[in-house]
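Take a look at the model below. Keep the sequence at hand while you read.

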Amino acid sequence: MEEYCKNCGAKVKPEEDFCPDCGSKIERNTITCENCGASLGKGMKFCTACGNPTGKSVNFCPGCGRKLDQGEDYCSECGTHANDTKNESFIKKNQKVIVAAVMVVVILIVVSLVAMIGTTPEAEPQNVEVGSTNFIIPGDYQIDPSSIDVDYKYQSATFAKGWVNSNGDTIYIGTLTVPYGVDAQDVLSSEGGSHKSMMGYDGYYTEEDGFYNFAFETGGYICVVTVSNPQTFDNITCLG
């Protein structure tokens with residue numbers, strides 16, 4: 001049905017509340033049913049399409065969506081209060097499902113963390129210097145400051161350092177300058193042990209009090225590498 005402004009007679013669209021020509025407020029003779037949206041004559045008390053009382057909104061259960069009757073404060077289907085905007089009943093009703101979903105998320109996070117820890121790359125090998133001799137040792141070993149020692153006597157210099165990792169495994173390396181006129185191989189053989197090739201060098205291997213030792217000569221130095229775990233030798237290299 002067409003509508004016209006009562007002030008100036010201009011044609012007004014249904015969605016316009018004010019006249020587009022003169023700006024006067026449009027006084028309509030129709031109302032809209034809040035339940036079904038049907039257009040009704042002004043003053044009608046009930047909708048001719050759905051029977052809903054005019055001027056009254058229709059409530060729907062916030063828990064299950066069921067249409068509530070007039071004056072019905074609690075849903076007869078799920079028990080949710082008509083004004084329960086936080087939907088607490090729905091949460092209670094689905095509490096087990098929600099808890100299960102949270103647990104799944106937590107488990108996935110833990111699994112991801114374990115996977116990350118399991119795939120964490122090992123620390124890069126480190127280059128260390130004892131005296132003037134360089135070695136490559138595992139990267140997870142930390143220097144023990146109390147093990148650092150330097151001594152000069154008998155026309156030679158002795159240097160020593162030690163390292164330890166989180167497992168308590170230790171590495172001790174000592175280097176001794178060979179005095180002029182002294183044969184390093186004679187010194188090594190006099191200390192005894194089994195002749196063995198390790199770390200790319202020929203030397204002498206001994207075991208004593210739970211420690212494993214390898215002594216060899218390089219660049220005018222006698223080097224002694226001592227470890228608490230014999231497998232550590234595989235990860236030590238002497239660069240000379």
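The paragraphs below go through strands, core, rings and cysteines in turn.

This is a predicted model, in which local features need pLDDT of at least 70 and side-chain atom pairs count only at pLDDT 80 or more, while totals for chains, interfaces and linings use all residues. Residues are numbered from 1 along each chain as its sequence is written, and side-chain values use heavy atoms, with hydrogens and water left out.

Start with the strands. A strand here is a DSSP run of E with at least two residues, numbered from the N terminus. Two strands pair if DSSP finds at least two bridges between them. β12 (201–208) and β13 (211–218) run antiparallel and are joined by six bridges. Across this pairing, T206 stands opposite N213 in β13. The two strands form a hairpin with two residues between them. In that turn, D209 has a positive phi of about 55 degrees.

β13 also pairs with β14 (221–227). Seven bridges join β13 to β14, again antiparallel. A215 has V224 in β14 as its bridge partner. This hairpin too has two residues between the strands, and G219 takes a positive phi near 55 degrees. Is β13 enclosed or open? Six of its eight residues are buried, so β13 is largely enclosed by the rest of the structure. Buried means under 20% relative accessible area, exposed over 50%, and partly exposed in between, with a 1.4 Å probe and protein chains only.

Now turn to the open sheet. Three strands lie in the order β5-β6-β15, with antiparallel pairing. β5 and β15 (237–238) are the edge strands, each pairing on one side only. Five bridges link β5 and β6. Q126 stands opposite I137 in β6. Just after that strand comes a loop between β6 and β7 (142–143), and G139 is found in this loop. G139 and Q126 are 13 residues apart in sequence, yet 5.1 Å apart in space, C-alpha to C-alpha. Beyond its neighbours within four places in sequence, G139 is in contact (heavy atoms within 4.5 Å) with A123, E124, P125 and Q126.Next comes the core. A nonpolar core is a set of buried Ala, Val, Leu, Ile, Met, Phe, Trp, Tyr and Cys residues joined through side-chain atoms within 4.5 Å. The largest one has 24 residues. Within it, F135, I137, F216 and V225 have the most contacts. Several strands give two or more residues to this core, including β5, β6, β13 and β14. β14 provides the largest share, four residues. In soluble globular proteins, nonpolar side chains tend to be buried together.

F216 leads on to the rings. Leaving aside neighbours within four places in sequence, the contacts of F216 include F135, Y201, V225 and C238. Rings of Phe, Tyr and Trp (its six-membered ring) pair if their centres lie within 6.5 Å; planes under 30 degrees apart count as stacked, over 60 as edge-to-face and the rest as tilted. The structure holds three aromatic pairs. The rings of F214 and F216 have centres 5.3 Å apart and planes at 25 degrees, so this pair is stacked. Both residues are buried. Y201 joins F214 and F216 in one aromatic cluster.

Last, the cysteines. How many disulfides does a search of the whole structure find? Zero. A disulfide is a pair of cysteine sulfur atoms within 2.5 Å. For C19, the nearest cysteine sulfur is that of C8, 3.5 Å away. C19 counts as buried, at 5% relative accessibility. For C238, the nearest cysteine sulfur belongs to C223, 5.0 Å away. C238 counts as buried too, at 6%.
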